[in-house]
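Here's a quick briefing to read with the model open in your viewer. Start at the ligand, then work outwards.

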Amino acid sequence: MSAKNTFYITTPIYYVNDVPHIGHAYTTIAADVLARYRRLKGRDVFFLTGLDEHGQKVQQAAAKAGIAPQTHCDKLAPQFQELWTRLNISNDAFIRTTDGPHKSIVQRYLQELFDKDLIYKGSYTGWYCTFDERFWTEKDVENGLCPDCKRPVEQISEHNYFFRMGQYQDRLIDHIKAHDRFVRPEPRRNEVLGFLQTQKLGDLSISRPKSRLSWGIELPFDTHYVTYVWFDALVNYLSALEYKLPSPSVARYWPADLHLVGKDILTTHAVYWSTMLMALNLPLPQTIFAHGWWTVDGEKMSKSRGNVVDPNRMAAAYGVDPFRYFLLREVPFGQDGDFSEQGLARRINSDLANGIGNLLSRTLTMIERNCAGAIPDVPRDYLDGEDAQKKYPLLVQARESLRTLGDRLDALFDGFEFNTALLLVASRVSDADTFIDKHEPWKLAKDPLKQAELHAVLYSAAECLRILSLYLYPVMPGTAQKIAEQLGLSIDFSAPLLRNTVEWGGLQAGTKIRKGPPLFPRVEPKPEGAKPVSDSATPSQPTPAPSAETSAAAVPTPAPPAAPAQITIDEFMKVQLKTAKVLAAERVPKSEKLLKLRVSLGAEERQIVAGIGKKYEPESLVGKNIVIVANLKPAKLMGIESQGMVLAAGDSEVRGLITILEEVDPGTKVK
Ligand code: ME8
């Protein structure tokens, strides 16, 4: 990253030949996350996105709709802009290549290159793909088909204007070699280098005769031609700086820090754009990052397959932040991924509802109950005192790990490792859950001598949440805001909150919390088409583990004894049955049968491992009132402690859980 304090980030400008889909949403969300992160770090950010409105694709789409190309563009542009507003995209400008100033700037650059004899008129015969609007060489074309889109190509011979791209080949190779962050990720860099080192770079046809294509920017030196759509489109990264901002913004923001693109358009950026900039004597962008491709349920997204995913629908059905989170958490950035609603629902339940959502809700419930709804006061040195490490080792650890979190996240965001960054944040959430569980605040609450410890635990949990909200903000801005509000804070997330190291202790004692509805209500996964979302991510369907869970002892669901022996009332009274409310449920990894439940008994919460996973999806149990054996000695099942047993009907197979018709308080005795 450059040493300057500005950060200029762009997305591709999308064709307006159709409505936006998740691929467009993906790049734009990723760019938004980086823009928000850099703003939090105190950088002067300019975040640009927009639309590519000229060229054959748009002309054809307009013709199909029976309207003028400009009318078509004006009709579709709001669909992109509204989507970006809906997805909470914080772009600073939105460019359309039909904007008057953009057209003039493109013409100015064309004229400049023409005057320098870097554009010349020549003739060309080649295989032309109308869909991709480009010529292919003889060896590229197989069976008369475009190597890219597999549509038939046609041989065309025409006079055109050419940009002397070929002369920059060596300079470009040298540049890529000297700047290891220029093309990323590494395999893509090698791909571009490999191509440049083994093939001769030709000159680039930058015009189209108006007889073939009229919807474009006219060449300033020959009115019979319009410019090739890519020459027009790439210039947007510079032209926007000239007319979307008060000058001298080119000097302020150029070279761009990051062009974020999909892998489909890496060559146009790394080769066409770079050589155009060389010809214009302008510095090259710091980084061009090409991310991977989303398929849907294993298939390429296409209108004809009818599987194009509408991001509007995803945001409406699952929430904006969960959708943003899913796209970045599911697949390592740079690699391909497969989208499914099943996978999205599973992530929401497992990572968000059971993770940060549950941590916030349980922390605030306990603060409401035990601290009169205000952040508790804790002796300032409770974590720093001499024996803090001895008394509260888990709190000290959690605080220390949050202290180093910022540096680790900086490195991960620099490396575009969104999914690892989110995993790291999730691990801090589970650290907080662990220290809460270990300190058992529900027990501390009953002991007047343990109030300081109770307050230390609850303060620490709330402070973890405050700090984590800052780091979650770039990916889930709405959620960060809600966490802050529920903690009783009013945080201005547009301020450079991460410019300096985040200090522990920002929460002020006495702040009234404002517990709200759950951050992430659980969603019911769609039953059909269930399949793992990405092979690079967590396996979604646990594979049956052969050993531990098949033993009777490991299955806590009671099965009636084969020959029931009679017991006395006294014997029965030894068994303490209680009602419990299921707060969270998830599958035990590698087990088909076992579910890990977190249940509330009113004054306390417990973890129970139950062998009911074949009968129930974990999500379906949340909120259910069940009956548990409360005084069963804790036991470990597949290494996880179970603090009780759920009651269920069934023999060797669970048929149904015992639940209660009426709404009774969790923890009520059952007899
Ligand atoms: O290429 N998976 O516009 P475009 C991931 N106008 N990302 C995807 C995707 C998918 N399945 N489908 C699309 C153009 N994208 C030119 C760009 S820039 C000067 C001109 C994303 O509408 C990805 O970012 O075809 C890809 O590069 C871009 O949309 C292509 O958008």
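By class, the shell around the ligand breaks down into 12 nonpolar, nine polar and two charged residues. Keep in mind that this is a predicted model. In total, 23 residues surround the ligand, and Ile13, Thr27, Asp52, Gly262 and Asp264 are the closest.

**Around the ligand**

- Two backbone contacts go to ligand oxygens: a backbone N or O atom of Tyr15 lies 3.0 Å from an oxygen atom of the ligand, and a backbone N or O atom of Gly262 also lies 3.0 Å from a ligand oxygen atom.
- His24 uses its side chain instead, with an N or O atom there 3.3 Å from an oxygen atom of the ligand.
- On its own the ligand has 670 Å² of accessible area, and the protein covers 94% of that.
- Which elements give two or more residues to the shell around the ligand? They are strand S1 (6-15), helix H1 (22-40), helix H7 (229-234) and helix H8 (236-243).
- S1 gives the largest share of that shell, with four residues.

**The chain as a whole**

- The chain has 671 residues, and buried ones make up 55% of them.
- You'll find 21 helices and 25 strands in the chain.
- Along its principal axes, the C-alpha trace spans about 100 × 55 × 45 Å.

**The four-stranded sheet**

- The strands of this open sheet run in the order S5-S4-S6-S8, with antiparallel pairing.
- Strand S5 (134-136) and strand S8 (204-205) are at the edges with a single partner strand each, so one side of each has no neighbour in the sheet.
- S4 (residues 119-129) and S6 are antiparallel and joined by 10 bridges; Tyr120 has Phe162 in S6 as its bridge partner.
- Phe162 also has a bridge partner in S8, namely Ser205. S6 (residues 154-163) and S8 pair in the antiparallel sense over two bridges.
- S4 and S5 run antiparallel too, joined by three bridges, and Cys129 stands opposite Arg134 in S5.
- What is the sign of phi at Glu133, in the hairpin of S4 and S5? Glu133 takes a positive phi, near 55°, and the hairpin has four residues between the strands.
- As general background, strands of a sheet pair through backbone hydrogen bonds, either parallel or antiparallel.

**The three-stranded sheet**

- This one is also an open sheet, ordered S9-S11-S10, and the pairing is antiparallel.
- Its edges are strand S9 (207-209) and strand S10 (218-219); each has a single partner strand, so each is left with one side lacking a neighbour in the sheet.
- S10 pairs with strand S11 (residues 222-227) in the antiparallel sense over two bridges.
- For Glu218, the bridge partner in S11 is Val226.

**Aromatic pairs**

- Searching the whole structure turns up 27 aromatic pairs.
- Why does the pair Phe163 and Tyr168 count as stacked? Their ring centres are 6.1 Å apart and the planes sit at 25°, so the pair is stacked; the cut-off for that class is planes under 30 degrees apart.
- Phe163 and Tyr168 are both buried.
- Ring pairs also link a cluster made of Tyr26, Tyr37, Phe289, Trp294, Phe326, Phe333, Phe339, Phe413, Phe416 and Phe418.

**Two helices to look at**

- Helix H12 (residues 320-330) has 10 of its 11 residues buried, so the rest of the structure largely encloses it.
- The buried residues of H12 are Asp321, Pro322, Phe323, Arg324, Tyr325, Phe326, Leu327, Leu328, Arg329 and Glu330.
- Phe326 turns up on two lists here: it is one of the buried residues in H12, and it is a member of the aromatic cluster.
- Helix H10 (residues 266-279) is where you'll find Thr267.
- Is Thr267 buried or partly exposed? Thr267 has 41% relative accessibility, so it counts as partly exposed, a class that lies between the cut-offs of 20% and 50%.
- From Thr267 to Arg466 is 199 residues in sequence and 43 Å in space, C-alpha to C-alpha.

Terms used
Residues are numbered from 1 along each chain as its sequence is written. This is a predicted model: local features need pLDDT of at least 70, side-chain atom pairs count only at pLDDT 80 or more; totals for chains, interfaces and linings use all residues. Side-chain values use heavy atoms; hydrogens and water are left out. A residue is near a molecule or strand if one of its heavy atoms lies within 4 Å of it. A polar contact is a pair of N or O atoms within 3.5 Å; within protein, one must be able to donate a hydrogen and the other to accept it, and residues adjacent in sequence count only if both atoms are side-chain atoms. Accessible areas come from the Shrake-Rupley method with a 1.4 Å probe; for residues, only the protein chains shown count as cover. Ala, Val, Leu, Ile, Met, Phe, Trp, Tyr, Cys and Pro count as nonpolar, Asp, Glu, Lys and Arg as charged, and the others, Gly among them, as polar. Two strands pair if DSSP finds at least two bridges between them. Rings of Phe, Tyr and Trp (its six-membered ring) pair if their centres lie within 6.5 Å; planes under 30 degrees apart count as stacked, over 60 as edge-to-face and the rest as tilted. Buried means under 20% relative accessible area, exposed over 50%, partly exposed in between (1.4 Å probe, protein chains only).
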